[in-house]
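The following exercises concern a single protein model and are each followed by a worked solution. Please examine the sequence and the coordinates before attempting them.

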Amino acid sequence: MKIALLINYDGTAYNGWQRQSNGIGIQEIIEDALKTVTGEDINLRAAGRTDAGVHAEGQVADFTTNSTIPADRFKYPLNNNLPADIRILESKEVDEDFSARFDAKEKHYRYTIYLGEVLPSTIGRYAALYDRKINLELIKAAASAMEGTHDFKAFEGPYAQMATSVRTVNDIIITQDGNYLYFDIYGEAFLKNMIRIMVGTILKINEGRMDIMELMKLFQMPDRTKAGITMPANGLTMVEVFYDNLKFDRLDY
């Protein structure tokens with residue numbers, strides 16, 4: 001049977017989602033737990049590969065198993081064999097042709113910024129510090145200019161291996177709650193580091209070091225050196241992945 005997992009993790013201690021030779025990936029940790037639970041060598045396929053230090057509230061992955069454990073009970077033995085910073089929130093059986101990666105219709109990421117001079121220790125893992133004054137209307141206007149289908153080559157991190165850098169950003173919602181500034185970004189797929197560079201570019205515009213016309217030119221004449229910085233990974237969280245053929249109850253969230 002094929003099973004989909006809803007996965008929550010703090011990415012601080014890991015080199016991203018993917019299993020790799022030069023560090024520990026979250027995929028490796030969960031696959032090792034699956035091996036312990038089922039006795040099988042299992043290949044876990046995720047909706048997206050989060051980078052080192054990036055978190056997830058609702059990552060989705062699928063695997064195939066011959067285990068007799070009921071599909072909706074997998075979270076219990078898995079969580080008993082996983083570190084506390086990786087949790088399986090839910091598990092359920094899916095059709096054999098389901099793909100966590102290719103069936104994903106939209107992904108929701110959130111970038112969190114703490115506005116102030118000092119980043120409190122209690123939130124340091126999950127937010128980036130920004131100590132400049134903000135023009136919220138300008139930030140929203142810059143974010144709006146990034147919506148739609150564009151060539152995001154100027155917003156792509158190094159060593160990317162994607163066939164095309166054209167992506168569609170469906171929506172960017174900017175909200176401020178006290179000292180917190182949230183960037184909620186929705187799209188089908190994103191390039192390596194793309195969201196973190198988008199946020200860095202919006203903040204560059206906020207500081208008056210770039211304007212929205214210059215931003216729009218980057219879609220026509222990509223130049224990574226003219227976009228903003230790559231914001232720290234700790235501020236980014238994969239919030240949710242949306243499917244037509246899968247819905248989790250998220251009762252444990």
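**Exercise 1.** Determine whether Asn 193 is buried or exposed, then describe its setting and backbone.

*Solution.* Step 1: the relative accessibility of Asn 193 is 12%, so this residue counts as buried (buried means under 20% relative accessible area, exposed over 50%, partly exposed in between, with a 1.4 Å probe and protein chains only). Step 2: the model is predicted, local features need pLDDT of at least 70, side-chain atom pairs count only at pLDDT 80 or more, and totals for chains, interfaces and linings use all residues. Residues are numbered from 1 along each chain as its sequence is written, and side-chain values use heavy atoms, with hydrogens and water left out.

Step 3: Asn 193 belongs to the loop between β9 (180-187) and α4; helices (H or I, at least four residues) and strands (E, at least two) are DSSP runs, numbered from the N terminus. Step 4: its phi is near 65°, a positive value in a residue other than glycine. Step 5: not counting residues up to four places away in sequence, Asn 193 touches Asp 51, Phe 155, Gly 157, Pro 158 and Thr 230, where contact means heavy atoms within 4.5 Å. Step 6: Leu 138 is 55 residues from Asn 193 along the chain, and their C-alpha atoms are separated by 23 Å.

**Exercise 2.** Characterise Thr 112 and Tyr 114 by element, burial and contacts.

*Solution.* Step 1: strand β5 holds Thr 112, and Tyr 114 is found in strand β5. Step 2: Thr 112 counts as buried at 10% relative accessibility, and Tyr 114 is buried with a relative accessible area of 14%. Step 3: leaving aside neighbours within four places in sequence, the contacts of Thr 112 include Tyr 126, Tyr 182 and Gly 235. With the exclusion of neighbours within four places in sequence, Tyr 114 has among its contacts Leu 119, Pro 120, Ile 123 and Asn 179. Step 4: Ala 127, Ala 128 and Tyr 180 appear in the contacts of Thr 112 and in those of Tyr 114. Step 5: the C-alpha atoms of Thr 112 and Lys 2, 110 residues apart along the chain, are separated by 34 Å.

**Exercise 3.** What is the volume of the largest pocket, and which residues are closest to its centre?

*Solution.* Step 1: the volume is about 1,300 Å³. Step 2: 40 residues line this pocket, and the closest to its centre are Gly 48, Arg 49, Thr 50, Met 162 and Phe 190. Step 3: β2 (45-46), β5 (104-115) and α4 (194-206) each give two or more residues to the lining. Step 4: a pocket is an open set of points on a 1 Å grid over the protein atoms alone, where a 1.4 Å probe fits, with protein on both sides within 12 Å along at least five of seven lines; lining residues have an atom within 4 Å of a point.

**Exercise 4.** Assess the overall fold: how many helices and strands are there?

*Solution.* Step 1: the protein has 5 helices and 10 strands. Step 2: its radius of gyration is 19 Å, close to the 18 Å that the globule rule gives for 253 residues, so it is as compact as a globular protein of that length (the radius is taken over C-alpha atoms, and the rule is 2.2 Å times the number of residues to the power 0.38). Step 3: the C-alpha trace spans about 60 × 40 × 35 Å along its principal axes. Step 4: 51% of the 253 residues count as buried.

Note on methods
Grid points are joined across faces, edges and corners, and a volume is the space filled by probe spheres set on the points.
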